[in-house]
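Dear colleague,

I am passing on the structure we spoke about, and below it you will find my notes on what came out of it. Please read them with the structure open beside you.

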Amino acid sequence: MADSGLLEKASYVPRPPAVLFYHKSMSQLAQSICERCSHALKSPIVTQKGLLQFQQSVELRSVSWQQFPDGWPNLFIENVKQDCAGRDVIFLGSFHSPEVVFEQLSILYKIPRLLARSFTAIVPYFPTGTMEREEVEGRVATAKVHWGGGHTLTFGDRLCDTLQG
C-alpha cells in the first residue's frame with residue numbers, strides 16, 4: 001500500500017508558459033486570450049473532487065508576415081527554437097480568405113518540427129473544414145487533405161479552455 005504521506009508532500013510544479021503565435025489578422029484576439037489566461041491564472045479552479053486545477057500562463061510571440069517582391073510569403077519567427085523546444089505551442093490562425101491560407105500552412109508545418117512539447121492550432125474560422133467527405137467521385141475532401149495527420153485543430157470560441165494545462 002502506498003504511503004499517503006508521500007502524496008501530501010507532493011507539490012504542484014507549474015508548466016512553463018505556453019507560447020502563442022498568431023496570424024496578423026488575429027492580433028486583437030491573441031492579446032485578449034493572454035489577458036484572460038493571465039487573469040484566470042491568479043485564481044485556481046477547485047474541481048468537484050476538491051482538487052485544484054491550475055491554468056497555464058500564455059506568452060505572445062509574433063511572426064513577421066512579410067512578402068517577397070513576387071508576392072510569395074517571406075515569414076520569420078524570432079528565437080523560434082528557444083521559444084518552442086519543450087514548450088506547449090499554440091497557433092491562432094484564420095483562414096478567412098484563400099490568400100492567407102498558404103502562409104499559415106507554412107507556419108503550421110514548421111512549428112511541430114521544432115521539438116515542441118505539444119502543438120495546438122486554433123482556427124476559429126475554417127471555411128474548407130466543412131467538407132470532409134467525398135460524395136461524388138473526383139471531389140477532393142479538403143478538410144481531410146489538410147488535417148489528416150496527427151495535428152490538433154480546435155474550432156470554436158472556448159479558447160481559454162483550450163489553453164489550460
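To begin with one residue in this predicted model, His23 is found in the loop that runs between strand E1 (18–22) and helix H2 (27–41). His23 counts as buried because its relative accessible area is 1%, which lies under the 20% cut-off. Its side chain makes a polar contact with the side chain of Ser25, at 2.8 Å. Leaving aside neighbours within four places in sequence, His23 is also in contact with Trp65, Phe91, Leu92, Gly93, Ser94, His96, Val100, Glu103 and Gln104.

Phe91 appears again in the largest nonpolar core, which has 19 residues; together with Phe21, Cys84, Ile107, Leu108, Ile111 and Phe119, it touches the most other members. At least two residues of this core are supplied by each of E1, helix H3 (80–84), strand E7 (88–92), helix H4 (98–110) and strand E8 (118–122), and the largest share, four residues, comes from H4. Cys84, again beyond four places in sequence, is in contact with Phe21, Val89, Ile111, Leu114, Leu115, Ala116 and Arg117. There is also a second, separate core of twelve residues, with Ala18, Leu20, Ile33 and Ile122 among them.

A word on confidence: the protein chain averages a pLDDT of 75, and 60% of the residues score at least 70. Over residues 4–10 the pLDDT is below 50, and this stretch has zero contacts in the model beyond near neighbours in sequence. Residues 154–165 also stay under 50, although the model has 28 contacts for them beyond four places in sequence. Where pLDDT is low, the predicted coordinates should not be read in detail.

With best wishes

Technical notes. Residues numbered from 1 in each chain as written. Predicted model: local features only at pLDDT ≥ 70, side-chain atom pairs only at ≥ 80, totals over all residues. Heavy atoms only, no water. Buried < 20%, exposed > 50% of the residue type's maximum accessible area, 1.4 Å probe, protein only. Polar contact = N/O pair within 3.5 Å; in protein donor to acceptor, adjacent residues only side chain to side chain. Contact = heavy atoms within 4.5 Å. pLDDT = per-residue confidence, 0-100. Core = buried A, V, L, I, M, F, W, Y, C linked by side-chain atoms within 4.5 Å.
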